[in-house]
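Me: I'd like a close look at a single part of this one, the nonpolar core, along with whatever packs around it. Could you walk me through it in one go?

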Amino acid sequence: MDTILIVDDNHAICQALALMIELHGYDAIYCHSPDDAIDIVSNKEICLVIQDMNFSRDTTSGEEGKQLFYALRQLQPNLPIILMTAWTQLETAVELVKAGAADYMGKPWDDAKLLTSIANLLSIYRLSQQNNQLSRVHSDRMSAINGAELCGLVFASGAMQRCVDLALQVARSDVSVMITGPNGAGKDKIADILQANSPLKDKPFIKVNIGALPMDLLEAELFGAEAGAFTGANKTRMGRFEAADGGTLFLDEIGNLPLSGQVKLLRVLQTGEFERLGSHQTRKVNVRVISATNADLADDIANGRFREDLFYRLNVIELSVPPLKQRQDDILPLIRHFMGEQFTLDKVTQQVLITHCWSGNVRELENACKRAALLATSAQLTIHDFGLNTLPADQIEAGSSHNHLSPPFSTLPAEQQDNAPLINEPNKQQIEAALTQHNGVIARVAKSFGLSRQALYRRMDKFGIRDTKS
């Protein structure tokens, strides 16, 4: 409950104000001197002060009130203070309001006006406190990030901020980490950040894309093989675990590891021991394992394709990299990173790029940027340069009159992004054909193009097409 301090040398006024304030859901305490007020604010959590301007030593000048005000302001610069006096000193009021007084009222006060002022000031004070707390958290996060190695990762979204924060925290330990997320979202970058900020950063960092290796060579790649262990094995091969001894092994697409390899991997994680293919000699390594997958391993476990005990060994900490469509604040910074400063985007192009699904995530966006840079005929890019030929209908309407350059701006709500109808801009012949097909029913024609009725009427006016039903 918000606590309000009342400071007045008149006991009756203190009691009347306290009663009114408590009847409206606040906690009220009061005192009768500036010294007591300073002591209370120094030792209690006070959300608002209502203070008199004149006390017993000086009844008209307001000097005591000014001194108390400045003393309270020094203790808590953002504490809302309402000044009250039976003497209306306008010069004093102007001076203290400029110095940060929240409100100034004469006696007798208007109950409704005072309560409204209290409610508004407490609301502003709470928001200020929340903003200060968020600023401190953000400052702490940025301090940690500024001192970290981010391996070229570009991001501006809160979703990636949280992922990076956790990665930096986890990097200092030697526990196994599993990075999950869709293809192209940046799981390998998170693995790089884990290694670069770990105590093992100067030790071997070996990467293995399990999905890119033939199944019959996987175990030899991971654990090594003696000469003659299989056809074509003409010499002894050191496995990736041995190569990573004392450092880190990154196993990408871990969900593709066959069950036979999963058994050996589980043993290495539990004991550090393994044998090369074709050898009975047990070898021992000390390796931190980071894995990554885009698969639903819970489903694979249920269907017997992935060992549950191995999953828990690998997944001591999970870092989830969200898809790009959930990180829309990252899209324009990524485009600037991929394309440099020599290209610009108009509002419509920005909006389409921000709300595009990007099923291939950052990898797809990077490829689209490379295409745009290669095919662009001017420094100002359009959606066609990116190979995106469709627009959400409401964006065409909103953006058709904007050809000037602009900074990033707000996007469609998330629930609208997946359902926004995508259209190819209809020409005159297509509209006429649709009118014939739907017997001139405008609502049906508009729906077939993903347009509103008003948008369709504007196009009909543009092409000189008459509404035969009107």
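Reply: The largest nonpolar core has 41 residues, and the ones with the most contacts inside it are Leu5, Ile21, Val49, Ile50 and Ile118. Keep in mind that this is a predicted model. Take Ile118: setting aside its neighbours within four places in sequence, it's in contact with Ile4, Ile21, Tyr26, Leu48, Ile50 and Ile82. As background, nonpolar side chains in soluble globular proteins tend to be buried together.

Now for the sheet. There's an open one of 5 strands, in the order 2-1-3-4-5, with parallel pairing. Strand 2 (27-31) and strand 5 (103-106) are the edge strands, each pairing on one side only. Ignoring direction, neighbouring strands in this sheet are turned by 20° against each other on average. Strand 1 (residues 3-7) pairs with strand 2 in the parallel sense, over 5 bridges. Within that pairing, Val7 has Cys31 in strand 2 as its bridge partner. Helix 1 (residues 11-23) packs on the sheet and touches strand 1, strand 2, strand 3 (48-52) and strand 4 (81-85). The direction of helix 1 makes about 170° with that of strand 2.

There's also a second, separate core, this one of 25 residues, and it includes Phe223, Phe241, Leu249 and Leu297. The two Phe residues named there bring us to the rings. The structure holds 4 aromatic pairs. Phe223 and Phe241 make one that counts as stacked, because their planes sit at 5°, with the ring centres 5.5 Å apart. Phe223 lies in helix 8 (residues 215-223) and Phe241 in helix 9 (residues 240-243), so the pair ties together parts that are 18 residues apart in sequence. Phe223 counts as buried, at 0% relative accessibility, and Phe241 is buried with a relative accessible area of 0%. Ring pairs also bring in Phe274, linking Phe223, Phe241 and Phe274 into a cluster.

For another ring geometry, look at Phe311 and Tyr312: their aromatic pair is edge-to-face, 5.3 Å centre to centre with 75° between the planes. Phe311 is buried, with a relative accessible area of 15%, whereas Tyr312 counts as exposed at 52% relative accessibility.

How values were computed: Residues numbered from 1 in each chain as written. Predicted model: local features only at pLDDT ≥ 70, side-chain atom pairs only at ≥ 80, totals over all residues. Heavy atoms only, no water. Pairing = 2+ DSSP bridges. Helix = DSSP H or I, 4+ residues; strand = E, 2+ residues; numbered from the N terminus. Axes fitted to C-alpha atoms, helices over the stretch in contact; angles between N-to-C directions. Contact = heavy atoms within 4.5 Å. Phe/Tyr/Trp six-rings, centres within 6.5 Å; stacked < 30°, edge-to-face > 60°. Buried < 20%, exposed > 50% of the residue type's maximum accessible area, 1.4 Å probe, protein only. Core = buried A, V, L, I, M, F, W, Y, C linked by side-chain atoms within 4.5 Å.
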